[in-house]
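Here are my notes on this one, written as a walk through the model. Have the viewer open and follow along point by point.

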Amino acid sequence: MIKEELLNILACPKCKQKIVLDQNGKFLRCDHCKLKYPINDQGIPIMLVDRAEKI
Ligand SMILES: [Zn+2]
């Protein structure tokens, strides 16, 4: 599970705004861009626009 402190320092690489953890805990979501960023097996978020999926 991703830590709260980590969420606070992460920003969407596209719009630089705050991201939120998706309800299932498997994605970080940018509501501004309507994109979701995957979190890998080690719990590390992949903050790349190329890897993001549309919500
Ligand atoms: Zn964004």
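1. Where is Lys 26 placed? Look in the loop between β1 and β2, and you'll find Lys 26 there. Is Lys 26 buried or exposed? Lys 26 counts as exposed, because it has 11 C-beta neighbours inside 10 Å, and the exposed class takes in residues with 12 or fewer. Now pick out Ile 2 as well: Lys 26 and Ile 2 are 24 residues apart in sequence, while their C-alpha atoms are 9.2 Å apart in space.

2. Before going further, keep in mind that this is a predicted model. The pLDDT averages 91 over the protein, and 98% of the residues score at least 70. Confidence is lowest in helix α1 (residues 4-9), with a mean of 83. At the other end, β4 has the highest confidence, at 97.

3. Zoom out for the overall layout. The protein has 1 helix and 4 strands, and along the sequence they come in the pattern α-β-β-β-β. The radius of gyration is 10 Å, close to the 10 Å that the globule rule gives for 55 residues, so the protein is as compact as a globular protein of that length. If you draw a box around the C-alpha atoms along the principal axes, it comes out at roughly 25 × 20 × 20 Å.

4. Now the sheet. In what order do the strands sit? The order is β1-β2-β3-β4, in an open sheet of 4 strands with antiparallel pairing. The edge strands are β1 (20-21) and β4 (53-54), and each of these pairs on one side only. As a reminder, strands of a sheet pair through backbone hydrogen bonds, either parallel or antiparallel.

5. Start at the β1 edge. β1 pairs with β2 (residues 27-30) in the antiparallel sense over 2 bridges. You can check both strands residue by residue: Leu 21 has Leu 28 of β2 as its bridge partner, and Val 20 stands opposite Arg 29 in β2. The two strands form a hairpin with 5 residues between them. In that turn, Gly 25 has a positive phi of about 75°.

6. Move on to β2 and β3, which run antiparallel and are joined by 4 bridges. Try finding Phe 27, which stands opposite Pro 38 in β3. This pair of strands also makes a hairpin, this time with 4 residues between them. Then comes the β4 edge: β3 and β4 pair in the antiparallel sense over 2 bridges, and Leu 35 stands opposite Lys 54 in β4.

7. Two lysines deserve a second look. Most residues other than glycine have a negative phi. Yet Lys 34, in the loop between β2 and β3, has a positive phi near 60°. Lys 16, in the loop between α1 and β1, has a positive phi too, near 65°. Are these residues buried or exposed? Lys 16 counts as exposed because it has 9 C-beta neighbours inside 10 Å, and Lys 34 counts as exposed because it has 11.

8. What makes up the largest nonpolar core? Select Cys 12, Ile 19, Phe 27, Leu 28, Cys 30, Leu 35, Tyr 37 and Ala 52, 8 residues in all. The elements that give two or more residues to this core are β2 and β3 (35-38). The biggest giver is β2, with 3 residues. Some of these names should ring a bell: Leu 28 is the bridge partner of Leu 21, and Leu 35 is the residue opposite Lys 54.

9. Stay with Cys 12 from that core for a moment. Leaving out residues up to four places away in sequence, Cys 12 touches Gln 17, Ile 19, Cys 30, His 32 and Cys 33. Ile 19 and Cys 30 are also listed in the core.

10. Two totals to finish. Buried residues make up 16% of the 55 residues in the protein. For contacts with a separation of 6 or more, 17% are between residues 24 or more positions apart.

Terms used
Residues are numbered from 1 along each chain as its sequence is written. This is a predicted model: local features need pLDDT of at least 70, side-chain atom pairs count only at pLDDT 80 or more; totals for chains, interfaces and linings use all residues. Two strands pair if DSSP finds at least two bridges between them. A nonpolar core is a set of buried Ala, Val, Leu, Ile, Met, Phe, Trp, Tyr and Cys residues joined through C-beta atoms within 7 Å. A residue is buried if 20 or more other C-beta atoms lie within 10 Å of its own, exposed if 12 or fewer, and partly exposed in between; C-beta atoms are placed from the backbone. Two residues are in contact if their C-beta atoms, placed from the backbone, lie within 7 Å. The radius of gyration is taken over C-alpha atoms; the globule rule is 2.2 Å times the number of residues to the power 0.38. pLDDT is the predictor's confidence in each residue, from 0 to 100.
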